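Me: I would like to study a protein model through a series of questions. Please answer each one with a short chain of reasoning.

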Amino acid sequence: MQYNLNNKIAIITGATGGIGRALATEFYSMGTGMVLTGRNIEQLNMLCENLTKIKSDAPAPLCICADLTTPGIEEQIIQHAIEHFGRLDILINNAAIIEGQMFLKTDNAFLEKMMHTNFTVPYTLSRLALPHMLKNKYGRIIYITSVTGYTGDAGMSAYAASKGAVASAAKSIAAEYGRRGITANCIAPGIVDTPATKKLPEERYKELKNMIPARRFAHPEEIAYLASFLASERAAYINGQQIHINGGLVR
Ligand SMILES: NC(=O)c1ccc[n+]([C@@H]2O[C@H](COP(=O)([O-])OP(=O)(O)OC[C@H]3O[C@@H](n4cnc5c(N)ncnc54)[C@H](OP(=O)(O)O)[C@@H]3O)[C@@H](O)[C@H]2O)c1
């Protein structure tokens, strides 16, 4: 029997991005009620319009257009989700900024922006979502981290640290709440075919592809398939893990 995610409610941050759109499509197809966040209202509206063309018994998604660094926005998102759907089962912390600066040029303003968006926001959302998950003894907190947070990379120390911090927090959440039906896991993609990676210079694109045993970047849908499995009841025994999905780039 196939698993499904109907009767579940999920928040997906960064739904307007390359991976976010694939996540929203996968969860909508599985019947999940969703709160979708992004900063770009046109992209959010277009995403919601496209979702409704998919055959699904999912309720219409609730879209929230907001900058996640706005003070207090995390409380508002959780509150809207509960007011609208009455429960919360799944949180996918996907929104992030992917930017690099060489180590000696990394000033504190850049570091703080990176840590706030990529670590503090997912951490805060998780803390606020958890009490609602505990009520139903079911919760799936999923973080989209990165191979870079695991291996490090030149010019990416702040980004890597933000993702490494997330992976570390997930392990502690798993340790604290695993016995109460909650799992907290990370999905660490290698390089994914998204609008951002399509902008790479052709030479660099080829060079990166040749480094990957699969000789291609991940399709965003491949990240979404793993996320929907981790969100399902079938993944109840996977907890505190960082699952690498990188075509064999890191073994
Ligand atoms: N692409 C890759 O190769 C790759 C590899 C490893 C890990 N990842 C991870 O995968 C996740 C998704 O990446 P992606 O490639 O899909 O990136 P993307 O296309 O740039 O999308 C990023 C998303 O995050 C949102 N976002 C960023 N900063 C925000 C803020 N301050 N407030 C609200 N929303 C904000 C963006 O919203 P708007 O577009 O509406 O502004 C967008 O929806 C990230 O966590 C990234 O670190 C990506």
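The questions below concern a predicted model.

Me: In what order do the seven strands of the open sheet lie?
Reply: The seven strands form one open sheet, and the pairing is parallel. From one strand to the next, the twist averages 15°. The order is S3-S2-S1-S4-S5-S6-S7.

Me: Which strands are the edge strands?
Reply: An edge strand pairs on one side only. Two strands fit this description, one at residues 62–65 and one at 242–245. They are strand S3 and strand S7.

Me: How many bridges join S1 to S2, and how many join S1 to S4?
Reply: S1 runs parallel to S2, and Ile 12 of S1 stands opposite Leu 36 there. S1 also runs parallel to S4, where Ile 92 is the bridge partner of Ile 12. The counts are four bridges to S2 and three to S4.

Me: What is the handedness of the crossover from S1 to S2?
Reply: After S1, the chain passes through H1 before it enters S2. This path is a β-α-β crossover. Its handedness is right-handed.

Me: Are the residues of S1 that point in opposite ways buried or exposed?
Reply: Ile 9 and Ile 11 point one way from S1. Ala 10 and Ile 12 point the other way. For all four residues the state is buried.

Me: How many residues of S6 are buried?
Reply: On one side of S6 lie Ile 182, Ala 184, Cys 186 and Ala 188, all of them buried. On the other side, Thr 183, Asn 185, Ile 187 and Pro 189 are also buried. S6 is therefore largely enclosed by the rest of the structure, and the number of buried residues is eight of the eight.

Me: Which residue in S6 is the bridge partner of Ile 144?
Reply: S5 and S6 run parallel and are joined by six bridges. S6 is also joined to S7, by four bridges, and Ile 187 stands opposite Ile 243 in S7. In S6, the bridge partner of Ile 144 is Ile 187.

Me: Why is Pro 189 classed as buried?
Reply: Pro 189 is placed in strand S6. A residue is buried if 20 or more other C-beta atoms lie within 10 Å of its own. Pro 189 is therefore buried, because the number of other C-beta atoms within 10 Å is 24.

Me: Which residue in S7 is the bridge partner of Pro 189?
Reply: Beyond residues up to four places away in sequence, Pro 189 touches several others, including Ile 144, Val 147, Ala 218 and Ile 245. The C-alpha atoms of Pro 189 and Gln 242 are separated by 10.0 Å, although these residues are 53 apart along the chain. In S7, the bridge partner of Pro 189 is Ile 245.

Me: At about what angle does helix H6 run to S6?
Reply: Helix H4, residues 108–135, lies across S1, S4, S5 and S6, and runs at about 170° to S4. Helix H6, residues 157–177, lies across S5, S6 and S7. The angle between H6 and S6 is about 160°.

Me: How many charged residues does the shell around the ligand have?
Reply: Of the 28 residues around the ligand, Gly 14, Gly 17, Gly 38, Ala 95 and Ala 96 come nearest. Helix H1 and helix H7 each supply at least two residues of the shell. By class, the shell has 12 nonpolar and 14 polar residues, and the number of charged residues is two.

Terms used
Residues numbered from 1 in each chain as written. Predicted model: local features only at pLDDT ≥ 70, side-chain atom pairs only at ≥ 80, totals over all residues. Near = placed C-beta within 6 Å. Nonpolar A, V, L, I, M, F, W, Y, C, P; charged D, E, K, R; others polar. Pairing = 2+ DSSP bridges. Axes fitted to C-alpha atoms, helices over the stretch in contact; angles between N-to-C directions. Contact = placed C-beta atoms within 7 Å. Buried ≥ 20, exposed ≤ 12 C-beta atoms within 10 Å, placed from the backbone. Right-handed = clockwise from strand over helix to strand, strands pointing away.
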